[in-house]
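Student: Got a minute to go through this one with me? I'd like to start with how far to trust it.
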Amino acid sequence: MFLDLTTTTLVEWSRWQFAMTAIYHYMFVPLTLGLALMLAIMETIWVKTGDQSWLNATKFWMKLFGINFAIGVATGLILEFQFGTNWSNYSWFVGDIFGAPLAIEGIIAFFLESTFVAVMFFGWNKVSKRFHLISTWMVFVGANISALWILVANAWMQNPVGMEFNPLTARNEMDDFWAILFSPTAISKFTHTVTSAYTLSACFVVGVSSWFILKKRNLEFARKSIMLASVFGLISILLTMYTGDSSAQDVTKTQPMKFAAMEGLNEGGNGVEFTVIGIPTNDPSLPTPKMKKMEYAIHVPKMLSFLGYHDFNAYIPGIQNILDGYTSQEGITYPSLEQRMANGRTAIDALKTYKQAVKDENHTLADSTLQVFKDNYSDFGYGYLSSPYDAIPHVPLVFYSFRIMVGLGMLFTLLFILALWYAKKRKFEKFKLIPYLALACVPLAYIASQCGWIVAEVGRQPWVVQDLMPTNVAVTKIASNWVITTFWMFAILFTILLIAELKIMFHQIKKGPEKD
Amino acid sequence: MLRKTWNLYYDGFRNMPQWGRTLWLIIIIKLCIMFLVFKLWLMPNYLNSHYNSAEEKSNHVFEELTTKP
C-alpha cells in the first residue's frame with residue numbers, strides 16, 4: 001500500500017546514499033585496522049633486534065598508514081548524519097542500543113587514537129623506544145576497539161537481542177548490555193570483519209612491496225616486508241575462513257532468508273548441496289521473479305548442510321520453505337510469512353490500541369492489548385510488508401557477491417603461500433607472475449571486502465532491524481530530490497578524498513623508504 | 001609533563017613534512033565541509049529540527065509506526 005512510486009524513490013535513494021557513503025568509508029577502514037597491527041609487529045622486531053632496516057620499514061609503512069588514516073578519519077560521521085536526516089524513524093526506534101556503542105566508540109576513538117597517533121608520528125626521538133612502541137600498539141588497540149563497537153551495533157541490527165521495546169516511547173531499550181556485546185552474531189561479525197581487514201592489509205603490503213621488486217628498488221626492504229606480510233596474511237586469511245564459517249552458521253540460524261539467497265536456494269531439505277557457481281536466471285514457473293532458477297550450476301553434495309550446521313544431513317530451508325513455514329534443524333517451527341504478516345499487523349494494531357487505552361486510562365484494555373503486542377512483537381516488522389515476496393532480498397547480487405568474496409579469498413591464500421615460499425628462497429623477483437599477481441591483489445582485496453558487506457547488508461533486505469523494522473518504515477518522509485542532491489554531493493566529496501589519498505600515497509610510495 | 005606534551009605536539013606540527021601539511025589541510029577542509037555544510041545546512045537531525053521534546057518525537061515516530069500499513 002505504501003510502496004508507491006514516491007516512497008520507493010525516496011527509500012531507494014536513501015538506501016543508495018547510505019550504501020555509497022558506507023562503501024567509500026569502508027575503503028579507508030580495513031587498511032587502518034590491519035596496517036596498525038603490522039606496524040606494531042615491525043616496530044616490536046626493531047625494538048627487540050635493533051635491526052635498523054625494520055625501523056625504516058616501520059617508518060615507511062607508518063607514512064602510508066598516516067595518509068590512509070588522515071583521509072579516512074571522520075568519513076563515518078556522514079553515515080551518522082544520515083541516520084538523523086534520512087532514517088529518523090529508525091534512529092528513534094533503535095534508541096540507546098545503537099547510541100551507546102557509537103558513543104563509546106567515539107570516546108575511545110578520540111582519546112586512544114588522537115593521543116597515541118600523535119606519539120606514533122611525532123614521538124620519534126622524543127619519547128623512549130618502549131613508550132613509542134606501546135603507543136603504536138595502542139593505536140592498533142584503539143582502532144580495533146572502535147571497530148568492535150560499530151560492529152556490535154551492526155550485529156544487533158542483524159540479530160536484535162538484549163532489549164525490550166517500550167510501547168509508550170516507541171523505542172527499544174537496552175536491558176542486557178552483555179547479551180548485545182556477546183551475541184554470537186556480534187562475535188562472528190567482529191572477528192570476521194577484522195580478520196578480513198588484516199588480510200586486505202597484508203595484500204596491500206605484499207602488493208606495494210612487489211612494486212619495488214618489479215622496479216628493482218629497495219629490494220631488501222621489499223623482501224622483508226613481503227616475508228612479514230605473507231606470514232601475517234596467511235594467518236589472517238585462515239582466521240578469516242574460520243570466522244567466516246562461524247558467521248555462516250550464525251546466519252543459518254538467525255537470518256535463514258539471507259542464507260537461502262546467498263545460495264539461490266528455492267527448495268531446501270536435509271543434506272542440501274552447495275552451489276559452487278551457477279547463473280541465477282528468471283523462470284516463469286517460479287511464483288515470483290525475485291526467485292531464480294540456477295542454470296549451469298556446479299554442486300558439491302551435502303556441503304550446504306555442513307556449512308550451516310557442521311552436519312552433512314542437517315535441514316536447511318530454501319526461500320519457498322521460509323515463505324510456506326518450516327521447522328528448523330533446532331526444532332523451532334516458523335509459521336508461513338503470510339501468518340507472520342498477520343501477526344505483525346496484530347502487533348501494530350495492539351500498539352495503537354494500547355497507547356490510546358493508556359491515554360484514556362483504561363487499564364484493563366491497556367493490559368490485554370499490551371500482552372497481545374508482546375506476544376506478536378517478534379513478527380512486528382512483517383506487518384509492514386505488502387506481500388511475503390517482499391521478504392526476499394536481491395538473490396543474484398547476494399549470490400555473486402558471496403562467490404566473488406570466497407573466490408578472491410582463495411586467491412589471496414594462494415598468493416600468500418607463493419609469496420612466502422619464493423621470498424624465503426629469495427626467488428620472488430625471478431617469477432614475474434607473482435609480483436604482478438600481488439599487485440593485482442591490492443584492488444581485488446578491496447573488491448572482496450566490499451562484496452562481504454554486500455552479502456551482509458543486501459542479504460538482510462528488506463530489514464534494517466531483522467524482523468522488526470523494514471527499510472521503508474525506517475526512512476524519514478523528506479523530499480527525495482533533497483536526498484538525490486546530497487547523494488551527489490557526498491559522491492563528489494568522497495571521490496575527491498579518494499583521489500587525494502591515491503595521489504599522495506602513490507607519491508610517497510614512489511619516494512620509497514628512507515634507506516635499505 | 002605538560003611542557004613535554006606541549007613540546008611533542010608543537011615540534012611535531014612545526015617540523016611536519018610537506019605531505020603532512022597537505023593531509024592536515026585536507027582534514028580541516030573536510031571537517032569544515034562536513035560540519036558547516038552537511039551537518040548544519042544539508043543534513044540536520046530531522047526529529048531535533050521538527051520537534052522540541054522527547055514526547056513530541058516519540059509521538060511522531062509512533063504515528064509513523066502505526067499508520068503506515
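Tutor: Start with the score itself: pLDDT is the predictor's confidence in each residue, from 0 to 100. You need it here, as this is a predicted model.

Student: OK, where in chain B is confidence lowest, and where is it highest?
Tutor: Lowest in helix α1 of chain B, residues 2–14, with a mean of 86. Highest in helix α3 of chain B, residues 46–50, at 93.

Student: And what is the mean pLDDT of chain B?
Tutor: It is 88. Of the residues in chain B, 97% reach 70 or more.

Student: What ipTM and pTM does the model score?
Tutor: ipTM is 0.89 and pTM is 0.93.

Student: Now the interface. How many residues does each chain put into the contact?
Tutor: Chain B gives 30 and chain A gives 41.

Student: Which element gives the most on the chain B side?
Tutor: α2(B), with 12 residues. The elements giving two or more residues to that side are α1, α2 (18–42), α3 and α4 (54–67) of chain B.

Student: What's the class make-up there?
Tutor: The side of chain B that touches chain A has 19 nonpolar, 5 polar and 6 charged residues.

Student: Switching to chain A. At what angle do α4 and α5 of chain A pack?
Tutor: About 165°, with the axes 8 Å apart. α4(A) covers residues 88–122 and α5(A) covers residues 129–158.

Student: So are they roughly parallel or antiparallel?
Tutor: Roughly antiparallel, because the angle is over 145 degrees.

Student: Which hand is the crossing, left or right?
Tutor: Left-handed, as α4(A) passes α5(A). Their contact has 22 nonpolar, 5 polar and 2 charged residues.

Definitions and conventions:
Residues numbered from 1 in each chain as written. Chains lettered and ligands numbered in written order. Predicted model: local features only at pLDDT ≥ 70, side-chain atom pairs only at ≥ 80, totals over all residues. Axes fitted to C-alpha atoms, helices over the stretch in contact; angles between N-to-C directions. Helix = DSSP H or I, 4+ residues; strand = E, 2+ residues; numbered from the N terminus. Parallel < 35°, antiparallel > 145°, perpendicular 65-115°, else oblique. Left-handed = near helix turned anticlockwise from the far one by under 90°. Nonpolar A, V, L, I, M, F, W, Y, C, P; charged D, E, K, R; others polar. Contact = placed C-beta atoms within 7 Å.
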